[in-house]
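Q: Hey, can you walk me through this one? I'd like to start with what "buried" is supposed to mean.

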Amino acid sequence: ADATGNGRNGDVTAGAVWAEGTIDNALQTDGNDEVTRQDAEDFLDGLDAVSASVWVKADATGVDRDLFFAADPLGNDDNFGLRYDQDGFSGGGTNVVKASISTTGGTTFIETQSNTQSTDWQHLVLTWQSGSGLSLYIDGELAGTSADGGAVTGTVSGIDRLMLGRGAKNAYWMGMLDDFQLFNR
């Protein structure tokens, strides 16, 4: 349920269960569950700044698992999204967290340094604004990167849905997701 009062509730697949999380209850997924909001383009496309915040607890590290993504999963992870990536594509790292965004001015991405994945609770905050690159904060600290696609201008584009627990690689999250938030700043 959307706690903001904006009515942007998501549809939860039948297999997901609720468990004790960091903020009340968390969604516990088994690798085949997701929360989907079909009309995310209505509130994400056109933004010149965006931040996403989520608490995560993975079942394992050294995995490819999607945290959230904002487009139909077609294998490309250049849209607005965040994922665990076993083998970083550009930075040569392993067990990284990868983020990406697509705007009217182009696309950009970041990959964290190696061994950023954890089975402990992590608070991840992804930020972007026009003219800047992506920034990822892990537990309140700016994450070091092994690869950075650089700054991009424009407004968020290419959104066709919002999926929590599933993403570009169709590699469902396995673990817990809690207190997902989006901001237009």
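A: Sure. A residue is called buried when its relative accessible area is under 20%, exposed when it is over 50%, and partly exposed in between. Keep in mind that this is a predicted model.

Q: Ok, so is Glu-111 buried or exposed?
A: Glu-111 is buried, because its relative accessibility is 0% and the cut-off for buried is under 20%.

Q: Where does Glu-111 sit?
A: Glu-111 is in strand 9, which covers residues 106-112.

Q: And which residues does Glu-111 touch?
A: Leaving out residues up to four places away in sequence, Glu-111 touches a run from Gly-88 through Phe-89, Ser-90 and Gly-91 to Gly-92. Val-96, Val-97 and Lys-98 are also among its contacts, and so are Gly-144, Thr-145, Ser-146 and Ala-147.

Q: Let's zoom out. How many helices and strands are in the chain?
A: The protein chain has one helix and 15 strands. With a radius of gyration of 15 Å, close to the 16 Å that the globule rule gives for 185 residues, the chain is as compact as a globular protein of that length.

Q: What does the C-alpha trace span?
A: About 40 × 35 × 30 Å along the principal axes.

Q: What share of the residues is buried?
A: Buried residues make up 48% of the 185. The chain exposes about 8300 Å², and carbon and sulfur atoms supply 42% of that.

Q: What about contacts between residues far along the sequence?
A: Take the contacts between residues at least 6 apart in sequence: 65% of them join residues at least 24 apart.

Q: New topic: pockets. What volume does the largest pocket have?
A: The largest pocket has a volume of about 980 Å³. It is lined by 33 residues, and the closest to its centre are Ala-1, Asp-2, Ala-3, Phe-180 and Gln-181.

Q: Which element gives the largest share of that lining?
A: Strand 15 does, with seven residues. Strand 3, strand 4, helix 1 and strand 14 also give two or more residues each.

Q: What kinds of residues line the pocket?
A: By class, the lining has 18 nonpolar, eight polar and seven charged residues.

Q: How many cavities of 30 Å³ or more are there?
A: The count comes to one, and the largest cavity has a volume of about 50 Å³. Its lining includes Asp-66, Phe-68, Arg-83 and Lys-98. Strand 6, strand 7 and strand 8 each supply at least two of the lining residues. By class, five are nonpolar, three polar and four charged.

Q: Back to strand 15 for a sec. What's up with phi of Asp-179?
A: Asp-179 is in strand 15, and its phi is near 50 degrees, a positive value in a residue other than glycine. Asp-179 counts as partly exposed because its relative accessible area is 28%.

Q: And where does Asp-139 lie?
A: Asp-139 lies in the loop between strand 11 and strand 12. Phi of Asp-139 is near 50 degrees, a positive value too. At 45% relative accessibility, Asp-139 counts as partly exposed.

Q: What about Ile-138, buried or exposed?
A: Ile-138, in strand 11, counts as buried because its relative accessibility is 13%. Among the residues Ile-138 touches are Thr-116, His-123 and Leu-124.

Q: Last one: how far apart are Ile-138 and Ile-159?
A: Ile-138 and Ile-159 are 21 residues apart in sequence and 25 Å apart in space, C-alpha to C-alpha.

Definitions and conventions: Residues numbered from 1 in each chain as written. Predicted model: local features only at pLDDT ≥ 70, side-chain atom pairs only at ≥ 80, totals over all residues. Heavy atoms only, no water. 1 Å grid on protein atoms, 1.4 Å probe; cavity = no way out; pocket = protein on both sides within 12 Å on 5 of 7 lines; lining within 4 Å. Points joined across faces, edges and corners; volume = space filled by probe spheres on them. Helix = DSSP H or I, 4+ residues; strand = E, 2+ residues; numbered from the N terminus. Nonpolar A, V, L, I, M, F, W, Y, C, P; charged D, E, K, R; others polar. Buried < 20%, exposed > 50% of the residue type's maximum accessible area, 1.4 Å probe, protein only. Contact = heavy atoms within 4.5 Å. Rg over C-alpha atoms; globule rule 2.2 N^0.38 Å. Areas by Shrake-Rupley, 256 points an atom, 1.4 Å probe, with all protein chains shown as cover.
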